[in-house]
Structure formats: structure tokens, C-alpha cells
Amino acid sequence: MNLGDFGWGTVLFQLIGFGLLLWLLSKFALRPLLGVMQKRQDMINDQIDSAERNRKESEKMIEEQKEELKQARVEARELIENAKKVGEQQGKDIVREAKAEAERIQHQALAEIRNEKEQAVTELREQVASLSVLIAQKVIEKELDASEQDKLVQDYLKQAGEEL
């Protein structure tokens, strides 16, 4: 084939047909295809952005939870320490109250002993006084000599000792 045999009309017709084909493809296939591809690209970008936001929010929530857990541990430690202090204070209070009660009971017992002792001494004095009066009456009635008087006093003292 020779260059001269080449028909410019055919070339022109093929160029027009090719241009028309390109125009039809761009109008009915390429634009919708590019639109679908753009929508898909936008959707992928949105999903990537959403995933990144979710990741950041998750990291933030994890940090917040770690901080809350740390705070809860501190509060738990404080509660335990306070409970120990309260327990120790209550123990001290119980011991102090028990000592005070024991001291009160001891003082009360000592007061009762003193009262009973005083009562016994008073009764003893009354008995001694009445025995003394009785002895004096007997001595006056009998008008005894000294040895009989000593014996009588000894008998009455012995009798008074047995009664007590």
C-alpha cells in the first residue's frame, strides 16, 4: 500500500466515528461511571474519617476509664484507711470506757466496804457500850472483890467476842 492510495475521506470518517463514540461513551457511560466512582471514593473517605473519629473516641474513653479506675482505687484505699482508723478509735473508746466502768465499780465496792465497816464498828461500839453498862451493873450489884471483878470482866469480854 502506498501513501497515495490512503484515503483521507476514510480517515476523516473514522475520526468522526471515533469522536462520536467518545462523546457517547462520556455522556452515557463515563460520566455515570465517574459519578459512581466519586460517590464510592466519598463513601470510603467518610468511612475512614468515621473510623478515625471512633478510634480517637475509643482511646479517649479508655484513658477516662483508666483515670476513673485509678480514682476508684484511691477512694477504696482511703475508705479502708478510714475504716481502720475508726476501728482503732472504737477499740480505744471501748477500752477507755471499760477502764472507767471498772474504776467506778471499784470505787463503789470500796464505798460499800467502808459503809459496812463503819456499820460494823458502830454496832460493835453499841454492843461494847451495852456490855460495859451491863458489866457495870453487875459489878455494882455484886460489889465483888478485885479478883472476882477481873474474872467477871474477862467472862463478859469473852462472851462479847463470841457474839461478834
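Select arginine 96 to begin: its relative accessible area is 51%, so it is exposed (exposed means over 50% relative accessible area, buried under 20%, and partly exposed in between, with a 1.4 Å probe and protein chains only). This is a predicted model, in which local features need pLDDT of at least 70 and side-chain atom pairs count only at pLDDT 80 or more, while totals for chains, interfaces and linings use all residues. Residues are numbered from 1 along each chain as its sequence is written, and side-chain values use heavy atoms, with hydrogens and water left out.

**Stop 1: arginine 96 and its partner**

Add aspartate 93 to the selection. The side chains of arginine 96 and aspartate 93 form a salt bridge, 2.8 Å from N to O (a salt bridge is a side-chain nitrogen of Lys or Arg within 4 Å of a carboxyl oxygen of Asp or Glu). Both residues belong to helix α1 and are 3 residues apart, about one turn of the helix. Helices (H or I, at least four residues) and strands (E, at least two) are DSSP runs, numbered from the N terminus. Aspartate 93 has a relative accessible area of 22% and is therefore partly exposed.

**Stop 2: arginine 104 and glutamate 101**

Next, select arginine 104 and glutamate 101. Their closest N and O atoms are 2.4 Å apart, in a salt bridge. About one helical turn separates the two, because they are 3 residues apart in helix α1. Arginine 104 is partly exposed at 44% relative accessibility, and glutamate 101 is partly exposed at 35%.

Salt bridges with shared partners also join Glu52, Arg55 and Glu59 into one network.

**Stop 3: the network at glutamate 52**

Move to glutamate 52 and arginine 55. Here the salt bridge brings the closest N and O atoms to 2.3 Å. The pair lies in helix α1 with a spacing of 3 residues, about one turn of the helix. Glutamate 52 has a relative accessible area of 33% and is partly exposed; arginine 55, at 39% relative accessibility, is partly exposed as well. How many salt bridges does the rule give? The count comes to 4.

**Stop 4: a patch of negative charge**

Select Glu63, Glu64, Glu67 and Glu68, which gather on the surface as a patch of negative charge. Patches are made of residues with over 30% relative accessible area and no salt bridge; like charges are joined within 9 Å, and nonpolar side chains (Val, Leu, Ile, Met, Phe, Trp, Tyr) within 5 Å. Glutamate 67 is placed in helix α1, which covers residues 8–142. At 48% relative accessibility, glutamate 67 is partly exposed.

**Stop 5: a nonpolar patch**

Now select Phe18, Leu21, Leu22 and Leu25. Together they form a nonpolar surface patch with about 380 Å² of accessible area. Accessible areas come from the Shrake-Rupley method with a 1.4 Å probe, and for residues only the protein chains shown count as cover. Phenylalanine 18 is in helix α1, and leucine 25 lies in helix α1. Leucine 25 counts as partly exposed at 43% relative accessibility.

**Stop 6: distances along the chain**

With leucine 25 still selected, draw a distance to lysine 70. Their C-alpha atoms are separated by 65 Å, with the two positions 45 residues apart along the chain counted as their spacing. Then select lysine 85, which lies in helix α1 and is exposed at 54% relative accessibility. From lysine 85 to alanine 102, 17 residues apart along the chain, the C-alpha separation is 25 Å.

Which separation appears between glutamine 127 and alanine 160? Their C-alpha atoms are 7.7 Å apart, although the two are 33 residues apart along the chain. Glutamine 127 is found in helix α1 and is partly exposed at 29% relative accessibility.

**Stop 7: the whole chain**

Finally, display the full chain, which has 2 helices and 0 strands. Its radius of gyration is 63 Å, well over the 15 Å that the globule rule gives for 164 residues, so the chain is more spread out than a compact globule. That radius is taken over C-alpha atoms, and the globule rule is 2.2 Å times the number of residues to the power 0.38. Along its principal axes the C-alpha trace spans about 200 × 25 × 15 Å. Of the 164 residues, 4% count as buried. The chain exposes about 14900 Å², of which carbon and sulfur atoms supply 59%.

Terms used
Lys, Arg positive; Asp, Glu negative; His and termini not counted. Charge placed at Lys NZ, Arg CZ, Asp CG, Glu CD.
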